[in-house]
Amino acid sequence: MTNLVILTGSGISAESGVPTFRADDGLWLGHRVEDVATPEAFARDPALVQDFYNRRRRQLAEAHPNAAHRALADLAARWPGDFLLVTQNVDDLHDRAHAETPPAPGFELLHMHGELLKAHCTATGRVTDCPGDLGPDEVSPHHPRGRLRPHIVWFGEMPHHLDRIERALAACDLFVSIGTSGVVWPAAGFVELANHAGARTVELNLEPSLGSRLFDETHHGPATEVVPGFVERLLA
Ligand code: APR
């Protein structure tokens with residue numbers, strides 16, 4: 001049975017109107033990443049950080065899964081073996097696509113950088129749904145001294161589910177990387193773990209990523225064109 005691991009980055013959500021991170025101006029919605037995506041930034045200016053994520057959460061309401069998200073949902077519904085979908089994205093576009101097309105039992109979706117529509121308590125770590133805005137001093141319902149912060153992995157924090165991801169990469173036969181620049185670790189190193197496991201490795205991206213030469217196969221173009229075609233061939 002072919003074990004499949006697919007990694008996605010912001011490029012798969014770009015055509016849904018969710019901005020990528022390393023556009024030309026190097027800014028992220030007008031901010032330097034260090035000013036809004038680090039624990040130090042949150043300690044220094046919680047209002048700025050909460051507002052930044054509040055704006056991104058509101059933006060998400062206008063975005064919808066695109067043909068690439070839906071193609072992966074079709075794949076998850078029909079894939080006979082294990083299929084782990086690891087996303088660096090904090091949007092819920094994969095979640096919504098798989099809710100529309102329920103996956104087969106061997107499928108799992110993991111958000112390694114957290115989720116925009118969740119918050120966690122700074123005292124207990126308890127995670128809760130967060131559909132709306134968070135204030136700069138949002139008291140946590142779980143602990144009198146706790147505050148609610150975005151359930152996002154900030155720079156300097158450990159990504160989630162790494163042991164589970166590394167085990168899946170060690171056992172995978174096919175690794176596909178979609179819409180990521182290969183700049184941020186540890187996700188940028190997943191292709192080498194897959195190569196080491198003897199898997200076939202494929203990159204689907206708008207243009208060659210930093211690690212393109214590490215892949216057996218690359219297809220370049222917009223995700224809404226390249227991903228459905230790839231899935232169709234895979235399922236044929
Ligand atoms: N279709 C396919 N790929 C695309 C598209 C598209 N329509 N548009 C852009 N891309 C590609 C770009 O060429 C680039 O290689 O998607 C990639 C986006 O790269 P980044 O902006 O660096 O985003 P990503 O790789 O997801 O960043 C990883 O960095 O800031 C952190 O936590 C953040 O999860 C993020 C991580």
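Two strands pair if DSSP finds at least two bridges between them. In this predicted model, β4 (residues 114–121) and β5 meet that test, with three bridges in the antiparallel sense. The briefing covers their sheet, the ligand site, the surroundings of Ser 16, and two points of backbone geometry.

**Sheet**
- The open sheet has three strands, ordered β5-β4-β6, and its pairing is antiparallel.
- β5 (127–129) and β6 (148–152) are the edge strands, each pairing on one side only.
- From one strand to the next, the twist averages 45°.
- Within the β4–β5 pairing, Lys 118 stands opposite Asp 129 in β5.
- Strands of a sheet pair through backbone hydrogen bonds, either parallel or antiparallel.

**Ligand site**
- The ligand is surrounded by 21 residues. Ser 10, Arg 22, Thr 180, Ser 181 and Glu 207 are the closest.
- Backbone atoms of Phe 21, Gln 88 and Leu 206 also take part in the polar surroundings of the ligand.
- For Phe 21, a polar backbone atom is 2.8 Å from an oxygen atom of the ligand.
- For Gln 88, a backbone N or O atom lies 3.2 Å from a ligand oxygen atom.
- For Leu 206, the partner is a nitrogen atom of the ligand, 3.1 Å from a backbone N or O atom.
- On its own, the ligand has 730 Å² of accessible area, and the protein covers 90% of that.

**Ser 16**
- Ser 16 sits in the loop between β1 (4–8) and α1 (33–36).
- Ser 16 counts as buried because its relative accessibility is 12%, and the cut-off for buried is under 20%.
- The Ser 16 side chain reaches the backbone oxygen of His 64 at 2.7 Å.
- Leaving aside neighbours within four places in sequence, Ser 16 is in contact with Ala 63, His 64, Pro 65, Asn 66, His 69 and Leu 93.
- His 64 therefore appears both in that contact list and as the partner of the Ser 16 side chain, through its backbone oxygen.

**Backbone geometry**
- The peptide bond from Trp 185 to Pro 186 is cis, with omega near 5°.
- Pro 186 is placed in the loop between β7 (174–178) and α7 (190–196).
- His 161 is not a glycine, yet it has a positive phi of about 65°.
- The loop between β6 and α6 (162–170) holds His 161.
- His 161 is partly exposed because its relative accessible area is 36%, in between the cut-offs of 20% and 50%.

Conventions:
Residues numbered from 1 in each chain as written. Predicted model: local features only at pLDDT ≥ 70, side-chain atom pairs only at ≥ 80, totals over all residues. Heavy atoms only, no water. Helix = DSSP H or I, 4+ residues; strand = E, 2+ residues; numbered from the N terminus. Buried < 20%, exposed > 50% of the residue type's maximum accessible area, 1.4 Å probe, protein only. Polar contact = N/O pair within 3.5 Å; in protein donor to acceptor, adjacent residues only side chain to side chain. Contact = heavy atoms within 4.5 Å. Axes fitted to C-alpha atoms, helices over the stretch in contact; angles between N-to-C directions. Near = heavy atom within 4 Å. Areas by Shrake-Rupley, 256 points an atom, 1.4 Å probe, with all protein chains shown as cover.
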